[in-house]
Amino acid sequence: MSDSPQWFDEEAGPIVRPYALIRGRTHSSGDTFDLVATVRVIGDPPDELGPELQLILRAARNPISVADLAVEIDLPVGVVRVMLGDLRDNGLISVTSPSAGGARSNERILKEVINGLRAL
Amino acid sequence: MDSVLSEDPVALKILVAGGFGVGKTTLVGSISEIKPLRTEEVLSDRGIGVDDLDGVEAKSTTTVAMDFGRITIRDGLVVYLFGTPGQERFWFMWDELSHGALGAVVIADTRRLTDCFPSVDYFEQRGTPFVVAVNCFDGAAQHSVDDVRIALDLEDDVPVLLCDVRRRTSAKEVMITLVEHSLRTLASAN
């Protein structure tokens, strides 16, 4: 595929605009997913799933953050959130939000981070 | 599906803020593997300037790239760094990012110290622990840490340190200073 001449390229932008992938929606049940929330696959995907949704499920076979997922499949976070909302509503994934202030208030974890940074 | 049963990974957020061109991208890149995170956002009317021309729609979307880095402390413990766009019109992104954040690094350039005022104000108001890292650019007039503290009218407990964001050891020191500060803030709150 890469050796065939193509008039479209990175600079021309995507052929399918990101908003078209989510049928023009800008909001969904996935609006509140934190960038560092953990996504994991919990259900068996149906066959008729769109290619982007399949990409997400493939990328989330091991637990992955929302931000890492967006980088991995190279789509804007807003678009990924809408797709994640759909997948969750269909029982295919779970999204676990980091408890606000939970980890922040854990002294043991902060000390571990300090030691980990020193060891870098 | 063993992963379903495994303990939830701990993800911590650190924000890197400061004026345009002050070294946010460089700092994130010095200490972590950096990736551009694309966000396509609706600009709220907060983002529309007072001098807008008639006929400009009240809302528009824009694509914003955020600097995004991750430091894996160990399996299941990851620190995420987000370089936040410094302009006020991106504050809607800050609100989301600062929710539950471990803390923030405000990078300051003493030649343009006013550029970091909005960041300092923001984190003071949100109660997010932060440190001020004075990036010592080549040839930049050197100011003492105390001068910067006075100029920014900082509380005594806010750490201010000189750094060179290009150097990994310096970037590490900034991050360690922040997490230690967060830990102290936490201890004094309990």
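1. Contact between α2(A) and α3(A). In this predicted model, Glu52(A), Leu55(A), Ile56(A) and Ala59(A) of helix α2(A) meet Leu69(A), Glu72(A) and Ile73(A) of helix α3(A). By class, 5 nonpolar and 2 charged residues make up this contact, with no polar residue. The charged residues are Glu52(A), on the α2(A) side, and Glu72(A), on the α3(A) side.

2. Geometry of the helix pair. Helix α2 of chain A spans residues 51–59, and helix α3 of chain A spans residues 66–73. Their axes come within 10 Å and cross at roughly 125 degrees. The arrangement of α2(A) relative to α3(A) is therefore oblique, since angles of 65 to 115 degrees count as roughly perpendicular and those over 145 as roughly antiparallel. The crossing of α2(A) past α3(A) is right-handed.

3. Burial and the end of α3(A). Within α3(A), the buried residues are Val66(A), Ala67(A), Asp68(A), Leu69(A) and Ala70(A). Leu69(A) is thus listed among the buried residues and also takes part in the contact with α2(A). Just after the helix, Asp74(A) adopts a positive phi of about 55 degrees.

4. Asp95(B) in chain B. This residue lies in helix α3 of chain B, which comprises residues 91–98. Asp95(B) is exposed, because 11 other C-beta atoms lie within 10 Å, and the exposed class requires 12 or fewer. Asp95(B) is separated from Val10(B) by 85 residues in sequence, and the two lie 21 Å apart in space, C-alpha to C-alpha.

Technical notes: Residues numbered from 1 in each chain as written. Chains lettered and ligands numbered in written order. Predicted model: local features only at pLDDT ≥ 70, side-chain atom pairs only at ≥ 80, totals over all residues. Axes fitted to C-alpha atoms, helices over the stretch in contact; angles between N-to-C directions. Helix = DSSP H or I, 4+ residues; strand = E, 2+ residues; numbered from the N terminus. Parallel < 35°, antiparallel > 145°, perpendicular 65-115°, else oblique. Left-handed = near helix turned anticlockwise from the far one by under 90°. Contact = placed C-beta atoms within 7 Å. Buried ≥ 20, exposed ≤ 12 C-beta atoms within 10 Å, placed from the backbone.
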